Amino acid sequence: MTTDDRIIAIIAEQAMLEPGDVTLDASLADLGIDSLGLVECIFAIEEGFDITVPFNANDPSASAFDISSVGAIIAAVKQLQTDQAG
Amino acid sequence: MARVVITGAGTINPIGGDVPSTFAAMREGRCGIGPLDIPDVERLAIQIGGQIKGYAETDHFNRQQIALYDRFTQFTLLAARQAVGQSGLKFSGALADQSGVIFGTSGGGLNTQDENYRAVYEEGKNRVHPFIVPKLMNNAAASHVSMEWNLRGPTFTVATACASSNHAMGQAFNMIRCGMTKVMVTGGSEAMLCFGGIKAWEGLRVMSKDGCRPFSATRNGMVQGEGAGVFVFEDYDHARARGADILCEVIGFAMTSDASDIVMPSKQGAARAIAGAVRDAGVPLDAVGYINAHGTGTAANDKTECAAVADVFGAHADKLMISSTKSMHGHLIGGTGAVELLACIMALRDGVIAPTIGYEEPDPECALDVVPNVARDAKIDVALSNAFAFGGLNAVIALRRFA
C-alpha cells in the first residue's frame with residue numbers, strides 16, 4: 001500500500017467507513033471523527049510510520065501538523081517522514 | 001442534622017511539607033512545577049511535573065514500613081500525622097469504634113506497579129517481593145491510617161479520577177452530618193509521577209510541556225503533581241465540647257454525572273454540581289466569595305468551568321474570585337481536591353486568596369476574576385472547591401468561615 005492508502009485506511013477505520021468513502025478534501029469532522037478519534041488516528045499514524053507527530057489537543061491549530069483535511073494530513077505525514085528520516 | 005467542622009489539616013505537596021509552608025507558598029504564588037527527576041525521563045515527551053523534591057522515604061519510615069508503604073501511602077501517613085496531631089483527638093472506646101477513614105486516590109500504588117512490572121518484564125525476574133499486593137492496593141493508605149490511629153469505623157477508598165478526594169470528603173461530611181459518626185479522617189493522595197504514570201497521560205495529548213497556566217489564553221495543557229491532603233472532619237458539638245480549634249465549617253456537598261462523554265467536560269454537569277453544593281449548604285448564591293477552581297489548564301476544562309460558574313451565579317460571577325492553585329502544585333489527580341481544600345481554608349480563615357500563577361494573557365472564554373499571579377486579601381464567608389473528573393463525574397464542596 002502507498003502512504004496515501006495507508007493513511008486513508010487508518011482514518012477509514014476510525015470513522016468506520018470504507019476507504020473508498022474517504023475523500024482527500026474531507027475534514028475529520030466531515031467523516032464523524034471527534035477529538036478522541038483524532039488522537040487515536042495520530043497514535044496509529046505514529047505507530048504505523050514510526051514518526052513523532054507534534055500535536056497538542058489543547059490547541060490543534062497551533063500544532064505544526066495540519067489536520068484540516070485528509071489530504072493535508074497525508075502531506076504532513078510525508079513531510080514528517082522526510083524530516084525524521086534516519 | 002449535625003454541623004460539621006474541620007479540626008485538623010495536614011499535607012505534603014510540591015509547594016510545602018505541611019500546612020503553614022503550603023499557605024506561605026500560596027500567598028507568595030510560588031511554583032512547585034519543574035523538571036522531573038525519575039528513571040527514563042528522557043524517553044518521555046512530557047518532562048515536567050509538580051514533584052516533591054528532596055523527599056527521602058528513609059527520613060520518615062523504617063525498612064519494614066517501606067516494604068508496605070507505597071509513595072502514595074507514605075504521603076498520606078505524613079499528612080494524617082499532622083492533621084490528627086492538630087486536632088488533638090485520641091481514639092479509644094466508642095469514639096474509635098465509630099470514627100473512620102475515607103480517602104481518594106486514582107492510581108493508588110502506581111509506583112509499586114511500575115517498579116515491579118519493570119522487574120518482571122524488563123529485567124526478566126521471576127520473583128517479586130511478597131508484599132506487592134498490599135502495597136499497591138488503592139485502600140492501602142486508608143487502612144494504614146486506620147491502623148496507625150485506631151480508627152475502627154467506616155473506612156474505604158474512593159476512586160473517581162480527578163474528583164476522588166472531593167467525593168471522599170463529601171462522604172465523610174455526610175456521614176457526620178447524618179449522625180453515623182462524630183469524627184472522620186478524610187482527604188486524598190496521589191503519587192503518579194513514574195514513567196508509566198506519565199507515559200499514559202502523555203498519550204492523551206492534553207499535557208503541557210512547559211507549565212500550567214489555567215485560564216490564560218496561552219495555556220496549553222495540564223501538568224501532573226503528587227502529594228496528599230488530610231483533614232479531620234468532626235461533629236461541631238463534639239469539637240466545641242472539647243474546646244477544639246475549628247479551622248472552618250463544611251456546609252455543603254453535591255455530586256453529579258455528565259452522562260455524556262468519557263473525557264470532554266460538560267457545562268451542565270459542572271453547573272449542576274456547583275449549584276447543588278450551594279443549595280445543600282443553604283446559603284444564597286451571593287454568599288460565595290471564592291471558588292477554588294478545578295482549573296486544569298486544558299483548553300476544554302477552563303472554558304467549560306468558567307461558563308458553568310457564569311451560568312450558576314449570573315451577575316455575581318463577576319464579583320466572586322476563582323483561582324486555580326494547580327498552577328503552583330500541578331494536578332494531583334485523585335489527591336487534588338484535598339490539597340486544594342487548603343486554599344479554601346486559607347481564604348476563609350486567613351483572608352488570603354491564593355492566586356492563579358503563570359497567567360499571561362486574558363482569554364475571553366475565561367472572563368472571570370481569576371486572581372492572576374498575585375495573592376489578594378479579602379474577607380470571605382463561603383468558599384467552594386470544584387472537582388470535575390474524567391468520566392464526567394463532578395463533586396463540589398462548600399465551606400464557611402467559622403467566626
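The following dialogue considers how several features of this predicted model may be read.

Me: With how much confidence may the coordinates of chain A be read, and which helices have the lowest and the highest mean pLDDT?

Reply: Where pLDDT is low, the predicted coordinates should not be read in detail. In chain A the average pLDDT is 92, and 99% of the residues score at least 70. Among the elements of chain A, the lowest mean, 93, belongs to helix H2 (residues 35-49), and the highest, 96, to helix H1 (residues 3-15).

Me: How many helices and strands does chain A have, and what are its dimensions?

Reply: Chain A has three helices and zero strands, in the order α-α-α along the sequence. Its C-alpha atoms fill a box of roughly 35 × 30 × 20 Å along the principal axes. The radius of gyration of chain A is 12 Å, which agrees with the value near 12 Å for a compact globule of 86 residues. Among contacts between residues at least 6 apart in sequence, 51% join residues at least 24 apart.

Me: Is A:Gly48 buried, exposed or partly exposed, and which residues does it contact beyond its sequence neighbours?

Reply: A:Gly48 lies in helix H2 of chain A. Because 14 other C-beta atoms lie within 10 Å, A:Gly48 counts as partly exposed; a buried residue would need 20 or more. Leaving aside neighbours within four places in sequence, A:Gly48 is in contact with A:Arg6 and A:Ile10. The C-alpha atoms of A:Gly48 and A:Ile7 are 8.9 Å apart, although 41 residues separate the two along the chain.

Me: Where should one look for the nonpolar cores, and which residues touch the most other members of the largest core?

Reply: In soluble globular proteins, nonpolar side chains tend to be buried together. Here the largest nonpolar core has 126 residues, of which B:Ile274 and B:Ala277 touch the most other members. Helix H14 (residues 336-350) of chain B supplies the largest share of this core, ten residues. Domain 1 (4-241) and domain 2 (252-400) of chain B each contribute at least three residues to this core. Apart from it lies another core, of 20 residues, including A:Ile8, A:Ala15, A:Ile73 and A:Ala76. Buried residues make up 27% of the 86 residues in chain A.

Me: How many residues of each chain are in contact across the interface, and what is the composition of the chain B side?

Reply: The size of an interface is often given as the accessible area lost when the parts come together. Counted by residues in this model, eleven of chain B are in contact with nine of chain A. The chain B side divides into five nonpolar, four polar and two charged residues.

Technical notes:
Residues numbered from 1 in each chain as written. Chains lettered and ligands numbered in written order. Predicted model: local features only at pLDDT ≥ 70, side-chain atom pairs only at ≥ 80, totals over all residues. Contact = placed C-beta atoms within 7 Å. Nonpolar A, V, L, I, M, F, W, Y, C, P; charged D, E, K, R; others polar. pLDDT = per-residue confidence, 0-100. Helix = DSSP H or I, 4+ residues; strand = E, 2+ residues; numbered from the N terminus. Buried ≥ 20, exposed ≤ 12 C-beta atoms within 10 Å, placed from the backbone. Rg over C-alpha atoms; globule rule 2.2 N^0.38 Å. Core = buried A, V, L, I, M, F, W, Y, C linked by C-beta atoms within 7 Å. Domains from an automatic or database assignment.
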